[in-house]
Amino acid sequence: MAVSFFYQGNPCRTEGTLATLPHPAKGYFIANGFTAPPDRPIQEGDQIWFIPEGQLPSAAAYAQILSARYTPSVYEKLKQAKVAIAGLGGLGSHIALFLARVGVGELLLVDFDSVDFTNLGRQNYTLADLGRPKTMATADHLSAVNPILQVKTAQVKVTAENAPSLFQSYPIVCEAFDQPENKAAFVNALLANTTCTLITGSGMAGTGSANDIHTRRAMGRLYICGDETTDVQEGTSLFASRVAVCAGHQAHMALRLILGDTSP
C-alpha cells in the first residue's frame, strides 16, 4: 500500500487508522489536504501529515492544504502571484491578511509609519505591536497565518517620484492611503510609468450600508473599491467593519485578476 506519512521522519504503517501512526498525544492529522479524525482508516495513496499542537504546518503540508482546497491549477496561479500593498492602515493591513490567507505567493508591504494606540480601532494590529513599524508588525502577523508566504517590506514614505521604482515589478498593486491627494498622485505615477494594474479604495467612512461598497473598473488598469462618496469629515468617522468590507473588495479583485478574471 502506497502511503506517505510526515512527522519527524517516522515510518508509516500501511494499515489501521490514523491513530495507529506514531505521533504525540496532542495535535491533529491532515489527510490529503484536509483535517481528519484519528479513527479515519488509512487508505491507498494517502498523504498524511501530523501537526503537533501549537505549531504551524510545514511549508509542504500547508501547500498541500491549499492545493487540495483550491485545486492544483488554481493554487499554482496563486503560488506564482505577486501583489504589492501601498499603505498598511485599516485597508492595507486587512488586504494583506486576506491575501495571505488565500495563498498568494509573494506580497510587498510598503508603509513608513509605526503602530500607535489610535490604529487599534480599525487596523489589524494588537497592543503587542505598539511602536513597531507597520511593515514589520504586518509581516509577522502574515507569517503566523501562512508559513509559505514570501513577504518583502519597504519602510518608506511613498511619493510620486519613488512609486514607479518601488512597484514596477508587481503586476497588481493595492492602494490603501488615507489622504485623497496622495491617492491621486500615486495612481497617476503608476499608470504613467509602470504596467501594473491598480486597485484603489475610495469612500468607506460612516455607518451607511455596507452594500453601497462596490468594485468598479474605472479604466483598463484601474479598479476602484468603495462607495466613492463618503470621506472622513466632521461627524463622519471610519469604522472597522465598513473599512474591512472595502479591504475585502480590494483583496477579492486582486484574487480575480490573478485567476484571469478582469471583470469588476
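This is a short tour of one protein chain, from the whole fold down to a few cysteines.

**Stop 1: the whole chain**

Keep in mind that the model is predicted. Show the full chain as a cartoon. There are seven helices and eleven strands to find. Along the principal axes, the C-alpha atoms fill a box of roughly 65 × 40 × 35 Å. Now switch on the surface. The chain exposes about 12600 Å², and carbon and sulfur atoms supply 53% of that area. What share of the 264 residues is buried? The figure is 45%. Contacts tell you about the fold too. Take those with a separation of 6 or more: 63% of them join residues 24 or more positions apart.

**Stop 2: strand β8**

Select residues 172-175, which form strand β8. Turn on the side chains. I172 and C174 sit on one side, V173 and E175 on the other. Why do they take turns? In a regular strand the side chains alternate between the two faces of the sheet. Are these four residues of β8 buried or exposed? All are buried, so both faces of the strand are covered.

**Stop 3: the neighbours of β8**

Add residues 82-86, strand β5. This strand runs parallel to β8, and four bridges join the two. Pick I85 and look across to C174, its bridge partner in β8.

Next, add residues 197-201, strand β9. Here too the strands run parallel, and three bridges join β8 to β9. Find I172 and then T197, its bridge partner in β9.

**Stop 4: the helix between**

Select residues 180-193, helix α6. Together, β8, α6 and β9 make a β-α-β unit. Which hand does this unit have? It is right-handed.

**Stop 5: the cysteines**

Show the cysteine sulfurs. How many disulfides does a search of the whole structure find? The search finds zero. Two residues help you see why.

Start with C196. The closest cysteine sulfur belongs to C174, which you met in β8. The gap is 10 Å. A disulfide needs the sulfurs within 2.5 Å, so this pair is too far apart for a bond. C196 counts as buried because its relative accessibility is 1%, below the 20% cut-off.

Move on to C246. Its closest cysteine sulfur is in C225, 5.7 Å away. That is also too far for a bond. C246 has 0% relative accessibility, so it counts as buried.

Conventions
Residues numbered from 1 in each chain as written. Predicted model: local features only at pLDDT ≥ 70, side-chain atom pairs only at ≥ 80, totals over all residues. Heavy atoms only, no water. Buried < 20%, exposed > 50% of the residue type's maximum accessible area, 1.4 Å probe, protein only. Pairing = 2+ DSSP bridges. Right-handed = clockwise from strand over helix to strand, strands pointing away. Contact = heavy atoms within 4.5 Å. Areas by Shrake-Rupley, 256 points an atom, 1.4 Å probe, with all protein chains shown as cover.
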